[in-house]
Amino acid sequence: MAPGVRLDVEVCVETDALSLDWSSDESYVLEGLEKLDSDAAAPPGQGRQGVVVARIRAATFFGARHALESLSQLIAHTGPPPDGSSDGLLVIVDRFTVTDAPAFPHRGLLLDTSRNYYPPAYIRATINAMAQNKLNVLHWHITDSQSFPYESTSLPQMSAFGAYSPRETYPAATVRELSRFALSRGVRLLPELDAPAHVAAGWGWGRAAGLGDLVVCEAQQPWIRYCVEPPCGQLNPANPNVYRVLAALFDDMLKDFYDAPSSPVPFFHMGGDEVHMGCWNSSKEVLDYMARSLGRPKRRKEDFVALWGHFQARATQALDKAQRDMQPPQPDLPTTEGPLLPDVDADVNDVREGEVNSVLRRRQAPDDGPLAAQAAVGPVELVELPEVAEDIDDGLQEGRASPSQSGSGIPVILWTSELTAADVVQKYLDKDRYVIQLWLRAGDPLARDLVSKGYRVIVSTKDAWYLDHGFGNWKGNSTAGYLYHPWQVAYDNDPLAGLGGLGDVSRQVLGGEAAMWGEQADQSGASTKEMFLVATCWRGVGCLC
């Protein structure tokens with residue numbers, strides 16, 4: 001293209017929809033052609049100037065934005081000439097046609113801001129980089145056992161007791177600003193409130209506020225008997241105030257994270273992995289509740305899985321309440337016939353008090369000691385919490401399913417766990433409501449089992465897309481399971497691997513997500529590893545474009 005040629009861009013978007021979810025049309029057509037500029041007068045002694053006209057057609061703003069990113073990638077800078085007479089030129093091809101669409105609707109990156117705090121400026125920079133690479137979901141793992149930096153408007157005690165410091169928090173205004181910032185760049189924030197495990201920091205104020213113990217086995221030692229990773233803590237499923245606290249947190253998070261235009265709320269991540277049976281098995285309150293309310297006086301693994309399923313159903317009911325509070329009242333849905341928590345017939349050994357669950361057994365690391373003293377936040381006051389209906393308990397006794405388990409509410413994402421095992425998942429998780437995020441090794445048969453049962457999945461292959469791996473485990477005593485994998489492995493990882501013969505599973509495999517966990521990574525090392533995913537989840541395996 002000759003010097004002085006102008007670039008004109010024409011954009012045609014079919015709709016004004018600004019919701020970004022798994023059904024959004026992000027496709028586009030980008031065409032460019034150089035022609036003479038009939039409107040510009042030619043400089044003396046030269047012919048008429050040329051103009052490259054780039055035309056973008058897209059169904060949505062998000063597709064048009066992707067087209068603009070692609071257009072920017074067709075422009076290059078020559079650099080200054082050897083004699084330094086100019087700063088160089090911008091050049092663009094004079095004829096092009098790009099017809100493009102993502103291979104998967106979910107192209108995500110997880111940031112763990114609970115183990116290590118990431119300032120909002122870094123999160124904005126990450127969102128900008130994601131937008132340049134057409135990644136569209138920032139999975140924000142915002143809470144965990146180590147810290148609770150999210151500032152809940154309804155429950156300020158959570159961050160007051162749970163944040164590393166008053167400066168290392170995310171106020172509601174910051175979250176809302178980041179949500180709008182992300183959406184304007186074609187990125188949707190996906191909040192994760194991890195539960196019932198991975199809770200400790202921020203949850204210890206319940207008894208002083210008259211709510212009882214919200215968490216059991218908090219900071220217990222030796223930690224290996226009570227949790228997969230210290231500091232220990234698991235929500236108390238026997239305490240009804242737990243579900244009221246969850247409802248208040250969900251209400252705040254839905255309003256903060258989805259303040260930007262979106263109808264309905266596209267999805268919510270409820271964590272749900274690494275529940276340690278030894279923790280619940282150490283609590284008399286929990287064991288009495290299992291026997292009284294669930295009719296499970298034994299301490300078998302299947303009994304604790306049933307308790308876990310019961311917790312998940314009630315927690316989802318709390319999420320449904322928060323969703324209803326965001327919207328005009330809707331007519332009640334009819335209940336679905338069928339048992340809520342049927343018996344599991346598997347024959348497993350009893351889990352004795354203090355015994356480690358063999359499935360979750362880990363090598364013991366040196367004791368971490370008790371939790372550091374909490375910052376002085378003044379007396380804990382009684383709090384007003386929303387009521388969460390008890391109809392799930394009634395349904396348990398009457399043998400019918402809870403409305404919260406139906407597929408009509410916000411899609412709930414859960415990590416793979418013993419609750420998603422192939423032999424129990426259908427007993428506790430409705431395939432039309434729950435999406436399973438697979439943190440499995442490549443080739444694990446569970447992926448095929450879940451897809452064959454009709455579940456939607458998001459792929460996070462741990463030996464390809466866990467970006468914090470490569471430095472040994474966080475305990476510092478082994479490299480097993482945490483091996484380094486080069487970028488070629490990440491590029492070649494196929495979300496559809498192992499699913500041959502199941503027919504068209506394109507609607508069930510929603511896409512992929514890379515994870516930057518924070519036990520051994522912070523902002524100083526995260527940014528260099530995060531953007532490979534565009535190759536696999538935008539255009540498919542083997543297309544480095």
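The largest nonpolar core of this predicted model holds 118 residues, and within that core Trp-203 and Leu-246 have the most contacts. Helix H5, residues 240-257, supplies the largest share of this core, namely eleven residues. Leaving out residues up to four places away in sequence, Leu-246 touches Leu-193, Trp-203, Leu-235, Phe-311, Ala-315 and Ala-318. Apart from this core lies another one of 13 residues, including Ala-64, Ala-67, Phe-96 and Trp-538.

**Confidence**

The average pLDDT of the protein is 83, and 76% of the residues score at least 70. Two stretches call for caution: over residues 328-376 the pLDDT stays under 50, although the model has 93 contacts beyond four places in sequence for them, and over residues 394-404 the pLDDT likewise stays under 50, with 28 such contacts in the model. Where pLDDT is low, the predicted coordinates should not be read in detail.

**The barrel and the helices packed on it**

Eight strands form a closed barrel in the order E7-E8-E9-E12-E13-E14-E15-E16, with parallel pairing. On average, neighbouring strands of this sheet are turned by 30° against each other when direction is ignored. Strands of a sheet pair through backbone hydrogen bonds, either parallel or antiparallel.

Several of the pairings can be described in detail. Strand E15, residues 456-459, and strand E16, residues 509-516, pair in the parallel sense over three bridges, and Ile-458 has Gly-511 in E16 as its bridge partner. Strands E9 and E12 run parallel and are joined by two bridges, with His-269 in E12 as the bridge partner of Glu-192. On to strand E13, residues 412-415, E12 also pairs in the parallel sense over two bridges, and there His-269 stands opposite Ile-413. His-269 thus takes part in the description of both pairings, facing Glu-192 and Ile-413.

In a regular strand the side chains alternate between the two faces of the sheet. In E12, Phe-268 and Met-270 point one way while His-269 and Gly-271 point the other way, and all of these residues are buried.

Two helices can be placed against these strands. Helix H4, residues 172-183, lies across strand E8 (137-141) and strand E9 (188-195), and runs at about 135° to E9. Helix H5 packs on the sheet as well, touching E8, E9 and strand E12 (268-271), and the direction of H5 makes about 165° with that of E9.

**Helix H2**

The 13 residues of helix H2, residues 120-132, should span 18 Å at 1.5 Å a residue, and the end C-alpha atoms of H2 are 19 Å apart, which agrees. An α-helix has 3.6 residues a turn, so residues three or four places apart point the same way. The buried residues Pro-120, Tyr-122, Ile-123, Thr-126, Ile-127, Met-130 and Ala-131 belong to H2. After H2 comes Lys-134, whose phi is positive, near 65°.

**Unusual backbone geometry**

Most residues other than glycine have a negative phi, and most peptide bonds are trans. The exceptions described here include two cis peptide bonds and two further positive phi angles, which are collected in the table.

| Site | Feature | Value |
|---|---|---|
| Gln-221 to Pro-222 | cis peptide bond | omega about -5° |
| Pro-230 to Pro-231 | cis peptide bond | omega near 0° |
| His-198 | positive phi | about 60° |
| Ala-219 | positive phi | about 60° |

Pro-222 is found in the loop between strand E10 (215-216) and strand E11 (234-235), and Pro-231 has its place in the loop between E10 and E11, as does Ala-219. His-198, by contrast, sits in the loop between E9 and E10. With a relative accessible area of 10%, His-198 is buried because that value lies under 20%, whereas Ala-219, at 21%, is partly exposed.

**Strand E5 and Val-91**

Val-91 has its place in strand E5, residues 90-92, and is partly exposed, with a relative accessible area of 31%. Leaving aside neighbours within four places in sequence, Val-91 is in contact with Leu-74, Ile-75, Ala-76 and Thr-78. Of these contacts, the one with Leu-74 joins residues that are 17 residues apart in sequence, and the C-alpha atoms of Val-91 and Leu-74 are 8.4 Å apart in space.

Definitions and conventions
Residues are numbered from 1 along each chain as its sequence is written. This is a predicted model: local features need pLDDT of at least 70, side-chain atom pairs count only at pLDDT 80 or more; totals for chains, interfaces and linings use all residues. Side-chain values use heavy atoms; hydrogens and water are left out. A nonpolar core is a set of buried Ala, Val, Leu, Ile, Met, Phe, Trp, Tyr and Cys residues joined through side-chain atoms within 4.5 Å. Buried means under 20% relative accessible area, exposed over 50%, partly exposed in between (1.4 Å probe, protein chains only). Helices (H or I, at least four residues) and strands (E, at least two) are DSSP runs, numbered from the N terminus. Contact means heavy atoms within 4.5 Å. The expected span of a helix is 1.5 Å times one less than its number of residues. pLDDT is the predictor's confidence in each residue, from 0 to 100. Two strands pair if DSSP finds at least two bridges between them. Axes are lines fitted to C-alpha atoms, for helices over the stretch in contact, and angles run from 0 to 180 degrees between N-to-C directions.
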